[in-house]
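Reader: Hi! Could you walk me through this one? I'd love to start with a charged side chain and see where that takes us.

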Amino acid sequence: MRSRKILHNDKTVVESPVSTEKSRLVYARLMKSPWYLALLVPVILFLISLYIRPTMFSDSGFGFVVLRSMLQGAVFNTFLAPDPANISNDVVTFESYWSPGQYLVPGAFVWLGSDYGVALCLTALISTIIGLIGWAQVAQSFAVSRLVLFVFVWGLATFRYTTLPFRMYNGGEVLLFAAAPWCLYWLRRAIDKPFAVCFAVSLFLAALLFIAKLTGLAVFAATVLAIVAIEVKRQRRLPSSILAMLAASAVGAILFMIFWGSRSGMPHVGGSGITVTWAAIFFPVSAAAFSGVSTNDLVRWLFIHPSDDISSSIR
């Protein structure tokens, strides 16, 4: 094994063959490093959250009001409140602003005897692990290199979006993180299945994403449209599996409007319609592009606190 001479700042530096071989070994080990070591990140955050319990986002708090009412005997997805006209009576309201998954999953741990804090920690842990495994499966289905897979999964495991639920439970977001990759993975696999199988899988995944979060339906629609566009371009026709996927989407939309949307008020955009402005275009594009590192959150904080010292918030 020969040494190499490298000219650096007018000096000849002899590179040892031992150091070169060590560098190659480190690189080879990195390439072979199992991506699932990234699962240690949520496990560590879970252990910390057991000591420093997470807070709860206000939207999720409404969901737990529904859970408390159900535990006290109310029917599914309704909450009890005093009647303003006669406080001796209760008013029953069906909660349609948020999907039930945000309280059903931690509520299962509460029902089994856990306190609310541990239930939130377990929900964040299980959802994050399922999501990381799901996105790893998606990446592997595209035959990415080991390095890309390693960086991709570790990036997901350490981004603020993924770590936030261990500090502040945000309900549907962490559940959607768990469900979204599996939706993409199984919808892509369902393309090669018969009509009935593809229809059943698509309808089930639509229901799963809805339970996780209402905007999961938008994720489902975007995934279906992307798969349909790719397959139509590739096959130059509409195969039966694509028709099944579109039919399941239509049936899911109808069932949603009948059994959920018609029950009570839902979030909507006020005003006379949709106004097309640069701000209206820039915000969703930038939010999607920089969501992993929470750039919009930082910019919003700077506008709200323009004269504050940034370092004061981390002291």
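Author: Happy to. Keep in mind that this is a predicted model. Let's begin with glutamate 173, which is partly exposed at 25% relative accessibility.

Reader: Nice. Which residue does glutamate 173 form a salt bridge with?

Author: That would be lysine 213, and the closest N and O atoms are 3.1 Å apart. Glutamate 173 sits in helix α8 while lysine 213 is in the loop between α9 and α10, so the pair ties together parts 40 residues apart in sequence.

Reader: And α8 itself, is it mostly covered or not?

Author: Mostly covered: 14 of its 19 residues are buried.

Reader: Where's the kink in α8?

Author: At alanine 178, shortly before proline 181, and the kink is about 25°. As for length, the 19 residues should span 27 Å at 1.5 Å a residue, and the end C-alpha atoms are 25 Å apart, which agrees.

Reader: Back to salt bridges. How many in the whole structure?

Author: A search finds three. One of them joins arginine 53 to aspartate 115, with the closest N and O atoms 3.3 Å apart. That pair links distant parts of the chain, 62 residues apart: arginine 53 is in the loop between α2 and β3, aspartate 115 in the loop between α4 and α5.

Reader: What about glutamate 231 and arginine 234?

Author: They form a salt bridge too, closest N and O atoms 2.5 Å apart. Both lie in helix α10, three residues apart, about one turn.

Reader: Is glutamate 231 buried or exposed?

Author: Buried, with a relative accessible area of 10%, whereas arginine 234 is exposed at 54%.

Definitions and conventions:
Residues numbered from 1 in each chain as written. Predicted model: local features only at pLDDT ≥ 70, side-chain atom pairs only at ≥ 80, totals over all residues. Heavy atoms only, no water. Helix = DSSP H or I, 4+ residues; strand = E, 2+ residues; numbered from the N terminus. Expected span 1.5 Å × (residues − 1). Bend = angle between axes of the 7 residues up to and from the residue. Buried < 20%, exposed > 50% of the residue type's maximum accessible area, 1.4 Å probe, protein only. Salt bridge = Lys/Arg side-chain N within 4 Å of Asp/Glu carboxyl O.
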